[in-house]
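Here are some notes for a colleague who is opening this structure for the first time. They are meant to be read point by point, with the model on screen.

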Amino acid sequence: MCGIVGIACFTPVNQSIYDALTVLQHRGQDAAGMVTVDAVNCFHMRKANGLVSNVFKTCHMQRMQGNIGIGHVRYPTAGSGRASEAQPFYVNSPYGITLAHNGNLTNANSLRKSLFEDSHRHVNTTSDSEILLNIFAQEVQCFKHHPLTSTDIFAAVAELHHKVRGAYACVAIIIGHGLVAFRDPHGIRLLVIGQRQVADGRFEYMVASESVALDTLGFRLLRDVEPGEAIHITGDGQLFSQQCADHPKHNPCIFEYVYFARPDSLLDKISVYSARVRMGARLGLKIIREWKDRNIDVVIPIPETSCDIALEIARVINKPYRQGFVKNRYVGRTFIMPGQKLRRSAVKHKLNANREEFRGKNVLLVDDSIVRGTTSEQIIEMAREAGAQNVYLASAAPEIRFPNVYGINMPSKNELIAHGREVEDIRKLIGADALIFQDLSDLIEAVREDNLEITQFECSVFDGIYVTQDVDQRSIENLQLLRNDDVQVLQRVNEI
């Protein structure tokens, strides 16, 4: 899961893209990148491993000239080991195109082979985003006339949809033609568009992974980019859009609402905050039904995603809510850190227990989800060390039993603590006195209440159903090899 942004203005966009990327930093802390295009149609690029504030210094920002640009923050998925694989990517033909991508392609291997053997295009990295860029460039190159029209660009995206499978939300710049954005036909990865009026009455536009990025820069949320839709914004500020998929469906990733998105975002007409509050309400009712014999003294969230969920659980079960853990905000989210050793060592640096809230109490800890289980185990140990009498754990998401192939770093079933195990087995492994998970049906209803037009979410990590219908064990194993934690850590050691 990554964060992307594209901005088309009448004034320089370098600072705006930087600000948007800092707002989207929660979506990826592995690397960051930006490309702008200036008045003489020259690309200016800066990308490297690290946080936004570390990647972009004053000297870099000063040379990022131009009124159109795109940016990216990377989360460690397939093809994310080296700094050279940070996004955006660039090809010089046709015209010069740069692209940033959030998601993951499920047919990347066959596309890479076809690009080389049939189109004689070399993909220089292991990133499927570079493959996606070359597919797009290949389709744009089919039009021999100049300049391209919006109709031509939409036709290129339509052909891309025919060839590419998986999850993808993209922003791109075509030299001399402006900003392009498009979303996969299943709408798995999220993308929103906003508008801002300037003094002379013209409009500037922005597309981003989450609406909160628009809010920060003063853009008004127009709408979500529809599944399969493409957006074209010209250099003089004209906006064009078209549905480019034959049979678009609406299957947004439900894990966005559980974990990834910021609570102040509105995505696919769904308030992330409200969805999490409803998750808490439904899980609270399940606790009342199934834990009648549990004497709970206090409800404590494992910060920060679960705070709103835990507060609602406390209200429903009529128990006090307390902030029992103090978080060091200068440590990244452990789930999206590359490497199991890094994740384990970060937990102790990230959280510290407030002993007064644990001593002698039966504590209900609330987390948004349980993935590998190592973090849960460590936090339960911390609660016991702080003096808790009994430690119960509630997960706002169901058991994560299956790998994800659409851009979340859950590649191997062997890494997932719930794979092939019952709740009691999981409870013993993490050391909780009691463990309860949200029901999938309750999760779905909690999220879709704001937008009943969505009838199906991408829930593969919970139910093993892959909405693109092209995922088998072999493709999962190939993806696992690309994402192998040990390989990623070794790559970083080699770079140092």
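1. What covers the buried residues of helix 10? Before turning to that, please keep in mind that this is a predicted model. The cover includes helix 9, strand 16 (298–301) and strand 19 (362–367). Helix 10 spans residues 307–317, and because 8 of its 11 residues are buried, it is largely enclosed by the rest of the structure. Those buried residues are Cys 307, Ile 309, Ala 310, Glu 312, Ile 313, Ala 314, Val 316 and Ile 317, so that a charged residue, Glu 312, stands in the list beside nonpolar ones such as Ile 309 and Val 316. After the helix comes Asn 318, which has a positive phi, near 60°.

2. Helix 1 (residues 14–23) can be read in a similar manner, since 7 of its 10 residues are buried and it is therefore largely enclosed by the rest of the structure. The buried positions in helix 1 are Asn 14, Ser 16, Ile 17, Tyr 18, Ala 20, Leu 21 and Val 23.

3. Helix 9, already named as part of the cover of helix 10, also meets helix 14. The axes of helix 9 (residues 272–290) and helix 14 (residues 440–448) come within 8 Å and cross at roughly 145°, and the crossing is right-handed. On the side of helix 9 the contact is made by Ala 275, Arg 278, Met 279 and Arg 282, while helix 14 contributes Asp 442, Leu 443, Glu 445, Ala 446 and Val 447. Sorted by character, the residues of this contact are 5 nonpolar and 4 charged, with no polar ones.

4. Which residue forms a salt bridge with Asp 442? The partner is Arg 282, and the closest N and O atoms of the pair are 3.3 Å apart. This pair links distant parts of the chain, with Arg 282 in helix 9 and Asp 442 in helix 14, 160 residues apart. Arg 282 is partly exposed, with a relative accessible area of 27%, whereas Asp 442 is buried, at 15%.

5. The salt bridges come to 25 in count, and two others deserve a look. Glu 415 pairs with Arg 372, their closest N and O atoms being 3.0 Å apart. Here too distant parts of the chain are linked, 43 residues apart: Glu 415 lies in the loop between strand 20 (390–395) and helix 13 (423–430), and Arg 372 in the loop between strand 19 and helix 12 (374–385). Glu 415 is partly exposed, with a relative accessible area of 26%, while Arg 372 is buried, at 11%. In addition, salt bridges that share partners join Arg 27, Glu 210 and Glu 256 into one network. The other pair is Arg 202 with Asp 200, whose closest N and O atoms are 2.7 Å apart; Arg 202 counts as partly exposed, at 39% relative accessibility.

6. Finally, please look at Cys 2, which an unreviewed UniProt entry annotates as "active site". Cys 2 is placed in the segment before strand 1 (3–8). Is this residue, Cys 2, buried or exposed? Its relative accessible area is 4%, and it is therefore buried, the cut-off being under 20%. Leaving aside its neighbours within four places in sequence, Cys 2 is in contact with Arg 27, His 72, Val 73, Arg 74, Tyr 75, His 101, Asn 102 and Ser 209. Of these, Arg 27 also belongs to the salt-bridge network with Glu 210 and Glu 256.

How values were computed
Residues numbered from 1 in each chain as written. Predicted model: local features only at pLDDT ≥ 70, side-chain atom pairs only at ≥ 80, totals over all residues. Heavy atoms only, no water. Buried < 20%, exposed > 50% of the residue type's maximum accessible area, 1.4 Å probe, protein only. Helix = DSSP H or I, 4+ residues; strand = E, 2+ residues; numbered from the N terminus. Axes fitted to C-alpha atoms, helices over the stretch in contact; angles between N-to-C directions. Left-handed = near helix turned anticlockwise from the far one by under 90°. Contact = heavy atoms within 4.5 Å. UniProt positions renumbered as here; feature names shortened; annotations may be inferred. Salt bridge = Lys/Arg side-chain N within 4 Å of Asp/Glu carboxyl O.
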